[in-house]
Amino acid sequence: MGNFKMTTVEEMEAATNRLLETGAKVGADAWQFRVKNQTPHCKFGEQGVCCRICSMGPCRITPKAPRGICGCDVHGIVGRNYLKFTAGGAATHSDHGREICNTLGHAAPDGAYKVKDPAKLIRIAKEWGVETEGRDIYDLAHEMSELALSEYGKNHGVSRWLKRAPQHTQDLWHNAGIEPRAIDREVSCALHMTHMGCSSKPEALIRQSLRNGLSDGWGGSMCGTEFSDVLFGTPKPIDTEANLGVMVAENVNIVVHGHDPSLSEMICEVADDPEMIAYAKEMGAKGITISGVCCTSNEVAMRRGIPMAGNFLQQENVVLTGACEAIVVDVQCIFPALGPLSKCFHTKFITTSPIAQMPDSDYIEFSAGTALEKAKEIVKTAIENFKNRKPDLVYIPDMKQKATVGYSVEAIVKTLDGVTNSQVDKTGTTKPLVDCITSGVIRGAVAMVGCNNPKIRPDYAHIELMKKLIANDIIVVASGCSAQAAAKAGLMDKAAKDLCGAGLKRVCELADIPPVLHMGSCVDISRMMVLVSELAKDSGLNISQLPVVGCAPEWMSEKAVSIGNYVVATGIDTFLGVDPYVSGSTEITELLTSGVKDWVEASYTVEKDIDKLVDKMIERIEEKRTALGI
Ligand code: XCC
Ligand code: SF4
């Protein structure tokens, strides 16, 4: 077994408890306490049967009161709530994508943002029918930025990205009437449909939920991923580390948290500047350590090897170390708790986006046009804060794992080339992977995604599921906070091959990969959509026939609902460990867990028992194999 040792959830919990002791000393609050105040949760909310979209309500559906004042029944109310849940997530991911398209417009040869992957830009431009021959790359970048931005509000047509899907999938979308049009239009349409006195028919509400999800995954998120690669480089395998032990006591610790790499990339760039490092030394530190939390961490880990301090429910721990000079955030998944918490320490809580403004933070507005100067101001603020540390409050848990990350589709295709003995094209297809799957060396693949949620023991579901999957020769691709859970546990260390079944272990050895592949942030689930599309085309199968499923065992955000919808709509059965507030309606539950199969050949399974959840996934994968006779 070598000397590979996983970090267990118990060990991580012990570290958290030790940090909460520090918190107790300074009177800090933490989610662990707030959860208790909020439990038990409102039953009406949990079942999705409360409606407050007009001021005749709020109306709550009970056996004695089966209809709201307007006459809407429980299925309409639950369905509308579900569609609104989706719209929130689709808007959020897509707006992040818009920011990236906007940043692309600011790219300049001598500017803060450059085109780091010109070949990818040209590839996408050709896909979109844009003339590339003899063009200046920045000229092309600016045209593509404009075109991409117009994807958000164009008057006619459907998302340009849909053409990447296999023809069969495109036909399903067309026939089901769920091809996403302009990205913003699907959000507006969803909010129009859920207005008082519009749609209350379950089928219509769920169709729009799928379409709005698709406008995210095959629209806004895909813009985010693809143009981030153009700007900051397409990820390639790179070594990094994960968990709080990546913070360095002697250094100025800057933690980037949020989502948009436009900010985090610039902070990394500036912190690398010898002038800044000299300044940090002048202020008494040995250097500067950047680490990350949540998806922005995934972005800079994939492209720069910046270590990952932790995932969603670990964000408060970062401050509780007493060694965080600044936690710099942009948008999404940022606890407002960081404001009051940072006040208990010397930590500067720096908000930067008009989209996410919070009390008790220092607001340094960041934009693509002023990126470099603002990033310098932020890094300087952190450095100058080093002297304010209270040494008796400093405790960084000595806990981290090695991880190899950076598995974009391009990197996966390249890495798996030549793994099999097949005579297939060795240049840029997924056929070697298809061969591994059809021969049964790998039984299938699971896309593990999503957040942490206090309703599930944090990280436990992610880690336990992945362990069991890889032991059963099922390769895991992961993104978001799920990927960080894997990295913290050690499952992205190549040595974790020892936890695999014989087939997957062999593949890990031949390709020199870990058994859990880090595919990026949550917008990068669009990468997974491209990967399954390529797998389907290269194997001549439909996506829904592939022994591949998706899983979000600890999800919590609106974004996760939007993701779930586009993953299902793409033909991939999706397994959830937390109910999306639909249990109050038999009709909506029936549609999501079965009815949508008639439209998109996949559906949801909700299973709160983690052991059963993993067994059901393995069962589904084996069913798909049997159906193919492989
Ligand atoms: Fe947020 Fe993206 Fe969830 Fe993590 S996984 S808690 S959404 S950071 Ni996206
Ligand atoms: Fe009640 Fe209907 Fe208004 Fe909803 S829309 S709050 S169910 S009256």
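Cysteine 333 lies in the loop between strand E7 (326–329) and helix H14 (338–343), where helices (H or I, at least four residues) and strands (E, at least two) are DSSP runs numbered from the N terminus. Although cysteine 333 is not a glycine, its phi is positive, at about 65 degrees. The model is predicted, so local features need pLDDT of at least 70 and side-chain atom pairs count only at pLDDT 80 or more, while totals for chains, interfaces and linings use all residues. Residues are numbered from 1 along each chain as its sequence is written, chains are lettered from A and ligands numbered from 1 in the order in which they are written, and side-chain values use heavy atoms, with hydrogens and water left out.

Cys333 also belongs to the surroundings of ligand 1, which are made up of His259, Cys294, Cys295, Phe312, Cys333, Gly450, Cys451, Cys481, Cys522, Met556, Ser557 and Lys559; a residue counts here if one of its heavy atoms lies within 4 Å of the molecule. By class, this shell holds eight nonpolar, three polar and one charged residues, with Ala, Val, Leu, Ile, Met, Phe, Trp, Tyr, Cys and Pro counted as nonpolar, Asp, Glu, Lys and Arg as charged, and the others, Gly among them, as polar. Because domain 2 (244–393) and domain 3 (408–628) both give residues to the shell, ligand 1 lies between them, the domain bounds coming from an automatic or database domain assignment.

The nickel atom of ligand 1 has Cys522 as its only protein donor, through SG at 2.0 Å. Donors are N, O and S atoms within 2.8 Å of the metal (3.2 Å for Na, K and Ca), and since water is not among the atoms, sites may look incomplete. Cysteine 522 is placed in the loop between strand E13 (516–520) and helix H21 (525–539), whereas cysteine 451, another residue of the shell, is found in the loop between strand E11 (444–448) and helix H18 (460–471).

The space that ligand 1 takes is the largest cavity. On a 1 Å grid over the protein atoms alone, a cavity is a set of points where a 1.4 Å probe fits but cannot get out, a pocket is an open set with protein on both sides within 12 Å along at least five of seven lines, and lining residues have an atom within 4 Å of a point; a molecule sits in either if more than half of its atoms lie within 2 Å of its grid points. An unreviewed UniProt entry places the feature "binding site" at His259, Cys295, Cys333, Cys451, Cys481 and Cys522. These residues span 264 residues in sequence, yet no two of their C-alpha atoms are more than 13.3 Å apart, so they gather at one spot. The lining of the largest cavity includes His259, Cys295, Cys333, Cys451, Cys481 and Cys522. UniProt positions are given in the numbering used here, with feature names shortened, and the annotations may be inferred rather than shown by experiment.

The second ligand offers a parallel topic. Ligand 2 takes up the second largest cavity, and the residues around it include Cys51, Cys54, Gly57, Cys59, Cys70, Arg80 and Met196. Its shell divides into nine nonpolar, two polar and one charged residues. The "binding site" annotation of the unreviewed UniProt entry also covers Cys51, Cys54, Cys59 and Cys70. Although spread over 20 residues of sequence, these cysteines cluster in space, with a largest C-alpha distance of 10.8 Å. Cysteine 59 is placed in strand E2 (residues 59–60), and proline 58, in the loop between strand E1 (50–51) and E2, is joined to glycine 57 by a cis peptide bond with omega near 0 degrees.

A further "binding site" feature in the unreviewed UniProt entry is at Cys42 and Cys50, and the lining of the largest pocket takes in Cys42 and Cys50. Cysteine 42 is in the loop between helix H2 (31–38) and helix H3 (43–47). Proline 40 lies in the loop between H2 and H3, and a cis peptide bond with omega of about 0 degrees joins threonine 39 to proline 40.
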